[in-house]
Each structure stands twice: as C-alpha cells, then as structure tokens.
Amino acid sequence: MRNRRTFVLLLLALVPISTLGRQLVLVLSQDDLKEAAADSTTLTDDTSDTGFDDFIDSESKPDYVLDPGSWSPIFEPAIAAPQDHLEHEGVYYTAISKIVKAYSRGDERAMEEAAREIQADASGGHPHAQSILGFLYGVGIGRERSKAKSFLHHHFAAEGGNMQSKMALAYTYSRQEMHDKAVKLYAELAEVAINSFLISKDSPVIEPVRIHSGAEENKEALRRSRGEEDEDFQILEYQAQKGNAGAMYKIGIFYYFGLRGVRRDHTKALSWFLKAVEKGEARSMELLGEIYARGAGVERNFTKALEWLTLASKQQLYSAYNGLGYLYVKGYGVEKNYTKAKEYFEKAADNGEAGGFYNLGVMYLKGIGVKRDVKTASKYFITAFDAGQPKAFYQLAKMFHTGVGLKKNVPLASALYKLVAERGPWSSLSRWALESYLRGDVGRAFLLYSRMAELGYEIAQSNAAWILDKYGERSMCLGESGICSDEERHQRSHALWWQASEQGNEHAALLIGDAYYYGRGTERDYDRAAEAYMHAKSQSNAQAMFNLGYMHEHGQGLPFDLHLAKRYYDQALEVDHTAKLPVTLALASLWIRKNYADSILVHVIDSLPEVYPKVEAWVEDVLMEEGNATILTLFVCLLTVLYLRERQRRNVVAAGEVAFPHQLGEQGGPVAN
C-alpha cells in the first residue's frame with residue numbers, strides 16, 4: 001500500500017454523458033502505469049513503431065469528405081458539397097430528400113416510393129444507399145424490422161466507406177460486449193472526428209439538446225436554442241452592431257460552430273471576427289489564426305495564421321501559444337524548430353492551458369525534439385485529460401488500446417474513443433433535428449433523432465422515445481406498413497428507452513420499469529420491473545427507490561420484506577426531500593400493515609391502486625368531457641356567486657345589529673330618547 005498511488009481523474013464527459021450531469025471517473029493505480037517505465041527503456045528511437053500520430057494535420061475538410069453520404073446538402077445547402085459531387089450522387093440525395101419530406105407529412109406512399117429508390121441504389125452497390133437501407137431495416141420503416149438485414153447492409157456500407165454505418169456497427173458491437181471489434185471502428189471514427197478540432201484550444205462542445213426534462217418538455221433548453229430568433233441572440237447581435245467587440249466575437253463563434261441553434265456560416269463568422277479585431281479583441285485574433293492555419297472557409301495561409309496568433313499571444317491569450325507551437329513543430333509558414341515549439345507549448349502549460357499539456361505529451365510520446373519518455377507523456381496526457389481536452393481522450397484511448405504507457409484495457413479504450421467519435425461531423429444530425437422540432441416539424445425531428453439513436457447517441461435515443469410517448473400519432477412514426485400502430489409505437493419507444501437506460505439515463509430506466517410494472521407496450525413482468533428500478537436506483541433516483549420499497553411492501557417481483565421497504569422509503573427521502581409527503585404516507589401504510597395485518601384498513605390500502613385508476617378515468621371521461629366540463633364550470637361559478645352574496649348579506653345584518661342598540665346621530669353621538 002505504501003508504494004501504491006491512485007490517480008483519480010474527474011472530467012466532464014463530452015456527449016452524451018455530460019448532458020446527463022454525470023462525470024466519468026477513471027481510477028488509475030500505479031500498476032496501470034508500470035508498463036510506461038518498461039516501454040521507455042525498450043522502445044527505439046524510431047517514432048513510427050507505435051502507430052501513434054504525432055501532430056495531426058488539422059486542415060479543415062468539408063462534411064461530405066469527412067462524412068461521405070452526409071445529409072448536409074439537404075439541411076445546410078449554404079456549406080454543401082460542390083455541384084459536380086451533388087450531380088454524381090443525385091439519385092441518392094433525391095431519395096433522401098423524399099424520405100425526409102415523407103416523414104414530415106406522415107406520407108406512407110411517398111415513403112414507399114423513396115424506399116424503393118434507395119433499395120434500387122443499394123442493389124447497385126452504392127454504400128450510402130446501403131447505409132440508409134440498413135437504417136430502414138433496423139427501425140422497421142416500410143419493411144419488416146430485421147436486425148440481421150440491418151447489420152448486413154451496414155456492414156457493406158461501412159466497407160464502402162460510410163462513416164455513419166461504422167458508428168452503427170461500433171455501437172452494435174459495444175452493446176454485445178464485442179470490444180475488440182468495436183474499438184477498431186471507434187478508433188477510426190475518433191481519428192476522423194479530431195480532424196475538425198481546433199489547434200490552439202478545445203472546440204466548443206456542440207451538445208445535443210435534451211428536448212425533455214423527465215416527462216415534460218425542456219422549455220428553457222429549447223428557448224436557448226432558437227438561433228437567430230432567440231431574444232438573447234438578438235440582443236447580442238444588437239450590441240455587436242453597436243460596436244461591442246465581445247459581442248462581435250460571440251456572434252462569430254455562434255456562426256462558426258453552429259451553436260445555440262444558429263446555422264453554421266463561415267462567411268458571417270469571418271466577417272464578425274474581422275470587425276472584432278479592429279477593436280483589439282484578442283480571442284478573435286486567435287480564431288482568425290486558427291481559420292487561416294486550417295483553411296476553414298478561406299484559403300489556407302500560414303503566414304497570416306502566424307501573424308494573428310502572434311498578436312493574440314502578445315495580449316496574454318495563452319492558448320495562442322499552442323497554435324504557434326503547432327506551426328513550428330510542423331514547419332508551416334516558418335522553419336521547423338522543435339525547440340521553439342516546445343517553448344511555446346511549455347508557456348501554454350505553465351499558464352494552465354490543457355492544450356499545452358497535451359502537446360508536450362505528444363512530443364515525449366513520439367520523441368519529437370526530446371528524448372522519448374512514455375511515462376512523462378502519460379502524465380501530461382492525464383493532466384490534459386483531467387481538464388477535459390478531447391485530444392487527450394484520444395491519445396489515452398490509444399494508450400489503453402495498445403498497452404503503450406498504460407495497462408491495456410480494450411473496453412475502456414472503446415468507451416473513450418466513442419466519446420471523441422460522437423463529436424464527429426455526423427453529430428450535425430442533432431442540430432438539424434432540434435431545428436426541425438423548434439419549427440414544429442415533429443416528424444422530421446423524430447426521423448433525425450432515430451437515425452442518431454442508431455449511431456449510439458443516448459440523448460437522441462431518449463428524445464426519439466419521448467416524442468413517441470408525447471405526440472403519439474402526431475409523431476408521424478412510419479412503421480412496417482404505413483403509420484405506426486399503437487403497439488408499434490410502444491415497442492419502438494420501449495426499445496429506445498432501454499438503449500438509453502443502458503447508457504446511464506436514469507429516467508429511461510425508470511420508464512422501462514414502469515412499462516414492465518404496468519404492462520405498457522409489453523407483458524407485465526414484476527421481476528424485470530424490479531431489475532430496471534434497481535438500475536435507476538443505482539444512479540440515485542428517488543422515485544426508483546420509492547418504487548422498490550413499494551414492491552417489497554407488497555411482495556411484487558421482490559421478496560415481501562417490510563424492513564427493506566422502510567429502508568428504501570427512507571433512502572428516497574434522503575435523496576429527494578420533496579418526497580416527504582408520499583414517503584410519510586408510505587411509512588404510515590407500513591405501520592398499519594405491521595400492527596394491524598389482518599384489519600380492514602390493510603384491505604382498504606391494498607385496494608387503492610385499483611380504485612385510483614377508476615376514479616381518474618371517471619374524472620377524465622365524465623367530468624372532463626367537453627359538455628359536462630362546461631356545465632360543471634357554470635355550476636361552480638353559480639355556487640360561488642350565491643356563496644358570496646349570502647356572505648355579503650350576513651355581514652350587512654351583523655353590522656345593523658351592532659348599530660341598532662345605539663341609534664347614532666349625524667355627528668356619531670347617541671340620540672336622546
């Protein structure tokens with residue numbers, strides 16, 4: 001124990017875990033780092049022996065290159081592929097456009113026509129059409145649902161270079177705990193994803209928005225995601241137009257990355273950054289350096305990149321040192337100089353910039369300008385990882401994957417690669433889905449979230465399931481033969497919630513438990529309900545704890561045990577103090593059950609679950625029926641008026657009785673007899 005140290009790394013995971021408000025915790029013991037020392041002594045000076053990348057060429061590439069078959073030409077035509085590419089893929093994009101329109105309208109005939117076109121294109125060996133066909137079979141749209149056929153089409157699509165099918169396959173393998181296969185795909189996808197990351201600092205995380213909070217719509221999150229229509233954005237834009245440099249920079253960031261529901265527009269972003277630097281805005285200088293270094297929306301120009309990054313660094317923007325170091329280590333616009341590059345990275349690290357630690361880690365890992373030292377590299381990566389640097393996620397994933405510097409751990413490597421991969425260009429599906437939902441096009445939003453759900457995005461899985469539960473027929477869900485039946489919607493919703501629960505969504509686990517407990521969309525199964533509630537309880541969900549207590553109290557799916565029931569009720573109250581009333585009532589029920597086991601009170605308590613739905617149904621079907629509700633409202637109003645008039649009459653009488661014994665004169669004095 002004396003020679004054992006433990007490194008606990010707390011980081012905000014990217015997507016989807018960060019959006020659950022949870023942290024990913026890695027506990028690394030000294031044993032995990034032992035191999036680093038051995039590697040440092042056995043590795044040769046040849047830096048090509050490990051297969052690790054050094055400093056990736058971060059040239060900006062469009063979505064149609066990074067994500068072949070991307071739907072961006074349909075949803076973001078302003079930054080779409082060139083005309084010759086669109087013409088070459090004309091049949092494919094025409095069919096995709098028809099699928100999207102069919103889902104918007106719930107048009108089953110149009111969907112059948114589009115599916116036939118995709119089928120024909122896929123039969124000709126078109127990989128992107130095969131990917132869509134895999135999606136249609138996987139979900140059961142226009143054809144019988146078939147996991148086998150879905151897997152087969154995704155396999156052929158992935159072989160043909162379709163990245164979204166690779167995501168779908170990797171997620172399928174990881175669910176089946178086939179980590180050796182999943183890790184290879186996620187590694188490739190993560191490498192594509194980091195191509196879009198910034199050089200000098202971390203890119204803003206474009207998190208998929210959870211459109212619901214529990215069972216209700218997440219109005220606050222949706223309000224903040226209305227893009228140019230959002231009042232806050234309009235105020236910010238007004239401030240920028242009035243010359244506020246900070247507002248100019250923020251507007252530029254929104255357009256550059258497509259944040260807060262704003263559509264990406266590199267031309268507008270560049271315009272705002274240029275206006276901001278005229279007022280000395282250092283962050284805009286750094287972004288301009290990034291833009292020219294990567295060639296994002298402009299022709300790549302390393303000379304201009306060096307100028308802007310230098311200006312930003314002179315204004316104490318320490319992250320700019322990472323960009324300068326990158327130029328020197330690659331020899332872009334300057335003579336290659338590893339010593340100078342290291343100095344810049346050290347300046348960034350000395351001032352707490354996570355990118356500086358990451359870049360130093362790469363230099364020591366590869367032996368670039370320094371003696372190779374995997375142990376030192378590991379420590380730098382861990383520091384950057386702890387600060388949430390996504391490139392460090394990638395490098396540590398590789399170290400766990402290969403066993404270089406860290407003890408080999410393929411499942412953990414796969415999980416880390418997945419976090420990075422989910423920030424790839426295919427994450428744009430989330431922006432388009434949210435935009436569709438905010439415009440009232442629930443069908444289109446559901447289609448896009450369903451596609452993302454297949455790729456393994458937890459938030460998309462829960463969003464799609466919530467839309468099915470919330471909107472029912474209005475979700476425009478298309479099934480095997482037309483609009484989804486109630487049973488098809490329940491089954492699809494159940495499957496989506498289950499996938500989300502597997503990835504740590506406690507609300508999803510709770511809903512799965514409810515589905516099994518009440519027999520919603522599946523056969524009633526108390527044992528599986530208890531299993532789902534246990535899963536939610538492990539994530540400190542008070543409702544799940546209460547439900548487990550109830551099941552112990554009644555011996556449903558769990559042993560009849562009043563002591564355990566009380567323990568779960570107490571835990572629910574400890575986790576959520578707002579549960580005081582239901583917990584108090586439940587504890588009262590336990591007391592009655594324990595002390596008056598055979599009394600009529602116990603029978604009354606046990607009958608409540610059967611009586612309550614009947615009362616609820618009577619209120620909904622009788623009292624709340626439109627005509628009856630109107631009559632009831634008028635009757636209540638009449639009773640209220642009569643009550644108020646009677647109360648007023650009594651007040652007048654009471655006042656008169658007080659005044660009559662002393663008939664008052666005009667001046668308030670008693671009148672003489």
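**Exercise 1. Place S481 in the fold and decide whether it is buried or exposed.**

Start with the location: S481 sits in the loop that runs between β5 (478-479) and β6 (482-483). Strands here are DSSP runs of E with at least two residues, helices are runs of H or I with at least four, and both are numbered from the N terminus. This is a predicted model, where local features need pLDDT of at least 70, side-chain atom pairs count only at pLDDT 80 or more, and totals for chains, interfaces and linings use all residues. Residues are numbered from 1 along each chain as its sequence is written, and side-chain values use heavy atoms, with hydrogens and water left out.

Next, check accessibility: S481 counts as exposed because its relative accessibility is 64%. (Buried means under 20% relative accessible area, exposed over 50%, partly exposed in between, with a 1.4 Å probe and protein chains only.)

Last, look at G142: its C-alpha atom is 5.7 Å from that of S481, though 339 residues separate the two along the chain.

**Exercise 2. Find the disulfide and describe it.**

The structure has one disulfide (a pair of cysteine sulfur atoms within 2.5 Å). C477 and C484 make it, with their sulfurs 2.0 Å apart. Now turn to the S-S bond: its angle is -55°, and the link of C477 and C484 is left-handed. Both C477 and C484 are buried.

**Exercise 3. Work out what phi says about E177 and where E177 lies.**

Most residues other than glycine have a negative phi. E177, not a glycine, has a positive phi near 60°. Its place is the loop between α9 (163-175) and α10 (179-194). With 62% relative accessible area, E177 is exposed.
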